[in-house]
Amino acid sequence: MASGVNRTGGQLAVQHYPNVPELVLSARQLAAHRPELTSLREVGASRAGRPLYLLSVGHRPRAVLVVAGAHANEPTGGATLLHLAERALRDPHLRGDTSWHFLLCADPDGASLHRTPAPRTLLDYHRHFYRPAGPEQPEWSPSVLSPDRLPPETRALTAVIDELRPYLQVSLHCTDLGGSWIQLTKDIPGLAEPFAKSAAELHIPVETGASDAAGWPVSGPGVHVLPGPGTDAAYPSLPEDARRTTWHRTHRYGGRTAIIEVPMWAGDLVDEAETHPAPARAMRALAGRLRRDARLVEDILADALPRLSQGGGGGLDGPLLRAARWALALVPGLADDWRRLPPAATSRAYIGSVDAFGRRLPLRAAAMLLRVLDEAGDRAAPRLELLVTQWSEAFADRFRARWVPLEHQVEHQARTTVAAAWHARVQADGDRAPD
């Protein structure tokens, strides 16, 4: 196969993160190999006109939908998707009476801007970083935009959900540094055990206090269930509401969604369950650092903007600068949330997850702004590059970052997806059983 995933002695070998053209070529090869079982078709186009492809294996009415590439900076899902597609094709027991459908990349425009060939350090990762502003993210845009303003990638994804009516949607995500965790729109009883077993076998820590799921009900260690309507958000200032994303579209048809996170670099401090000795004080300190770091980036941006304006070009309204400004705009409200509100949890793992979140936001803004300044040859670029370097190294040192082999990232996501499909099927059959 042409992608970073190939067969070696009957085992899956993962060479690198496949880009979108490699994903498409591999999907075409799979479809050509077993045309009676497999199809590849366009289901929409991006804002820039790039096609969105759906690879389907099997023809059964019960469906599982697997989505990769919803966040441009989270590349593991593409390799996992190919692994799962190959497995579904060669394993009739996995297919059973279920068809498997794979959206190769939900945001091909974003994927064209974030490049992660084979990073070896967090600095490598951030040198070519891109994560779109919230309204431009296919899964998240419904939480911040009215239906008439949704991007075409979102409309294509929701149309696929409406067509397939999957009993399970799996969205493949990865975090830069931390542990593995799952978010569920409805509980999937029994999933926590195989998830934890897989993580342990592959030496991937389970993130027990993920700040992304602060205050949510817990189904098992690292397995979080989105709260129902009317529940107060842990961070009221953040504009997105996970309950209004495309994840909940499956509920119209009795389905549910599992969001599977796996780390590129593991941080073995993310599973410390003991209580932090002073969580409120720690949160206030993290809020202060967040404001200070963001101000450093904002000062460089303010200094460079007049020169960028004079230089012309598309940098001022381009996606990199839009995304950097979006990230920086989140900081004041988030820092206030951390200062004013009681902590949503008090474990060391949770405070550590907030620490990581507070490092990511200004670092990502700085990394994207640096790309703009480098392209413009602006004199502020060296100063910003120093910040990106120092912050990347400090992030790695603080959490004792260790690279998770790509084949382990893929194997863990794939195992968890298969377990989620099996247990969700059992749950769906139980829900339909007569009294």
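Which residue's side chain does the side chain of serine 46 join in a polar contact of 2.7 Å? Allow me to begin with that question, and to note at the outset that the model before us is predicted. The partner is aspartate 109: a polar contact of 2.7 Å links the side chains of these two residues.

Let us place serine 46 in the chain. Serine 46 lies in the loop that runs between strand S3, residues 38–45, and strand S4, residues 51–57. Is serine 46 buried or exposed? With a relative accessibility of 6%, serine 46 counts as buried. When neighbours within four places in sequence are set aside, the residues in contact with serine 46 are Leu52, Pro108, Asp109, Pro152 and Glu153. Aspartate 109 therefore appears twice in this account, as the partner in the polar contact and as one of the residues on the contact list, while serine 46 itself is buried.

I turn next to the cysteines. How many disulfides does a search of the whole structure find? The search returns zero. Cysteine 105 takes part in no disulfide, and the nearest cysteine sulfur to it belongs to cysteine 174, 12 Å away. Cysteine 174 is likewise in no disulfide, its nearest cysteine sulfur being that of cysteine 105, at 12 Å. A disulfide requires the two sulfur atoms to be within 2.5 Å, and the distance here is 12 Å. As for their surroundings, cysteine 105 is buried, having a relative accessible area of 8%. Cysteine 174 is also buried, with a value of 3%.

Two further loop residues complete this presentation. The first topic is aspartate 212, found in the loop between helix H7, residues 192–201, and strand S9, residues 218–220. Aspartate 212 counts as partly exposed, at 41% relative accessibility. Beyond its neighbours within four places in sequence, aspartate 212 is in contact with Trp181 and Gln183. How far apart are the C-alpha atoms of aspartate 212 and glycine 190? They are separated by 22 Å, and the two residues are 22 residues apart along the chain.

The other residue is proline 277, located in the loop between strand S11, residues 256–266, and helix H8, residues 279–311. Proline 277 counts as exposed, with a relative accessibility of 64%. In sequence, proline 277 and arginine 348 are 71 residues apart, while in space their C-alpha atoms are 8.4 Å apart.

To close, I return to the opening question: serine 46, a buried residue, has its side chain joined to that of aspartate 109 by a polar contact of 2.7 Å.

Conventions:
Residues are numbered from 1 along each chain as its sequence is written. This is a predicted model: local features need pLDDT of at least 70, side-chain atom pairs count only at pLDDT 80 or more; totals for chains, interfaces and linings use all residues. Side-chain values use heavy atoms; hydrogens and water are left out. Buried means under 20% relative accessible area, exposed over 50%, partly exposed in between (1.4 Å probe, protein chains only). Helices (H or I, at least four residues) and strands (E, at least two) are DSSP runs, numbered from the N terminus. A polar contact is a pair of N or O atoms within 3.5 Å; within protein, one must be able to donate a hydrogen and the other to accept it, and residues adjacent in sequence count only if both atoms are side-chain atoms. Contact means heavy atoms within 4.5 Å.
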